[in-house]
Amino acid sequence: MASIVQVEGLRKVYEGKQRVVALDGIALGVREGELYGLLGPNGAGKTTAISICTTRVLPTSGAVRIAGIDVVESPALARRLMGIVPQYNTLDRACTIYENIHFHCLYFGFSRTDAKQRTNQLLEQFHLTERADSYPSQLSGGLAQRVQIARAIAHRPKVLFLDEPSAGLDPQSRIAMWDAVRGLREEGITVVLTTHYMEEADELCDRVAIIDHGKILVEDTPATLKGSVGAQKVYCLDLSDRDSPAALVGQLKLVHGVRGVEPTSGGIRVFADNADGLLPEIVRVSNPYGLRDLTMTETSLETVFIRLTGRDLRE
Amino acid sequence: MPTMESEIEIANSSTVQTGHGTAPAQGMQYTRAFAGLFLRDLHVLQREKIPFLIRIVMNPLLFLFVFTYIMPHMSGGAVLNPTAQMAGANFSTVLLPGLMAVAIMFSGIAAVALPLAQEFGITREIDDRVMCPLPVSAVAIEKIVFSALQSMIAAAIVFPLAYYVPATPVYAHVNNWPFFMVVLALASLTSGALGLVIGTSVKPQQIGLIFGTVVMPITFLGCVYYPWAKLDAMPWLQRGVLINPIVYMSEGLRAAVTPTLPHMNPIVILLMLTFFLVFLTVVGIKGFLRRVIG
Ligand SMILES: Nc1ncnc2c1ncn2[C@@H]1O[C@H](COP(=O)(O)OP(=O)(O)OP(=O)(O)O)[C@@H](O)[C@H]1O
Ligand SMILES: [Mg+2]
């Protein structure tokens, strides 16, 4: 199936006092109707990638096509096909919630009657009818986010780009936002979102691309990515002996069920299967090396990221 | 706007489905988006019409009240007011086109430069406007055109003030209406373009500084309070002020509204206003593109 968002060899270099290679040749394809996630740590280049796709930043080289339309060659045309919810609130502060959506419809060529109808329908769909006459400055972060999503899809775009949609949202608003986004897929809108919360990518997305330092490391379904780690559990050992002794690494590798061992800054990380009795065994082996603490997690996209980069997503 | 409504429907049905617009459909798409932006600005302006009116009226009213009402009524007024003495009883007449020019220019700054500073700054509202389905330069042009509308309203409000407030008679008469309209339109658009240049070239935090360093000097040296011809005793100044676009706004209005006063050649005025309009628009659009497209 042809990709609705096709990114090829995209590079972005910010020239300045300090030369920054924000995107170092990324390529990806988003299929129609898909919920696609770009997962990466701060500064990975997510916003830059989205901004290029949405015609607000020019690439240094490479191309982006939305439903076959080149965003650099025909930006005005491409904008009809997409909606965008940026990382920060760009609601029109001088207009009410109703007017924000209504004027958006007019910008996209709706007649006044159509715009009115569409606005009322969206206010209803996003449970904003009561706030129709509020101004953006009177809204909480979660509500403002919902208005931004409603406005972004008002002109019925094929693709919706969401940049860090859950940044700064409380858990309750985040779940409401997830529901809203899932609802969009039912309407047939393709969604591309960026996030640095791996739970979000895992929970919400059909496919995920992991991006770091301007490069795509992997692109697949969350299940396949997690499966690729080849382990179900991750044990993080905190050792008082800071330079993790090679002897312990060697010993842990011999434990039945352990798939991989790697040293970290404060100890050792063990990738393992769901074998019985593994936890006591690991504790027994590492105790002589000054085991202070141990955390165990199920394999997640976080593990995938750690496996690929040796770093924590939050670092 | 019955005709516009039906056009919107046509534009709507033709391009959305395929994504590939034919040339006329694309032109219609741009027109619709442009009209939408204009309607939005109009809507916001009419909601804030009281502050808008106060902003326009205060400066000329105070100016007129002090210089053309209080001063002439004071005992020995002409002695206390050297400007009035210089211009004689005609000072009120000199001020009429001058204050119109100031109102036109201030509107350009207030309608474009100040909001832009805010939109580029913390709120980044501009990103939303830039996502409209028309070329980004058209977003900048809409700002200029809407600002021009505000400038014309401002000029229309200042005219009766400057005509009726002064205690001394004002000799105003428009001989040539087409010339007046062209001057008014060119001056208004030029001030919008000037606002765009200022708004896009100054850091949002520094916008306040602009009043002291740019707006005040170009106003005071803009032949607003004196006709350009009267500078002939200081040739260096008379030539120096020619790079100031405000000079052509006030001289143009002088030629159109108070033709009995000395003024520049109307042809020169029109040419220079056109030149500044094109120049400032090009610079302003370049600055706008630089600021909104990374
Ligand atoms: N306008 C700019 N000028 C110079 N450098 C920039 C500019 N915008 C972004 N960068 C740099 O490009 C890199 C990628 O930034 P980007 O905003 O795309 O990252 P991100 O993945 O969105 O991060 P975050 O999670 O913090 O939003 C960063 O190193 C950033 O400092
Ligand atoms: Mg970002």
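Here is a quick tour of one sheet, the helices lying across it, and the cysteines.

This is a predicted model, so local features need pLDDT of at least 70, side-chain atom pairs count only at pLDDT 80 or more, and totals for chains, interfaces and linings use all residues. Residues are numbered from 1 along each chain as its sequence is written, chains are lettered from A and ligands numbered from 1 in written order, and side-chain values use heavy atoms, leaving out hydrogens and water.

**The sheet**
- In chain A, four strands (DSSP E runs of at least two residues, numbered from the N terminus) make an open, antiparallel sheet ordered β12-β13-β11-β14; strands pair if DSSP finds at least two bridges between them.
- β12 (258-263) and β14 (291-298) of chain A each have a single partner strand, so one side of each lacks a neighbour in the sheet.
- β12(A) and β13(A) (residues 267-272) run antiparallel and are joined by five bridges; A:Pro263 has A:Ile268 in β13(A) as its bridge partner.

**The cysteines**
- Zero disulfides turn up over all chains, a disulfide being a pair of cysteine sulfur atoms within 2.5 Å.
- The sulfur of A:Cys205 is 15 Å from the closest cysteine sulfur, in A:Cys53, which is too far for a bond.
- A:Cys205 is buried at 6% relative accessible area (buried means under 20%, exposed over 50%, partly exposed in between, with a 1.4 Å probe and protein chains only).
- B:Cys132 is in no disulfide either, with the nearest cysteine sulfur, in A:Cys105, 12 Å away.
- B:Cys132 also counts as buried, at 1% relative accessibility.
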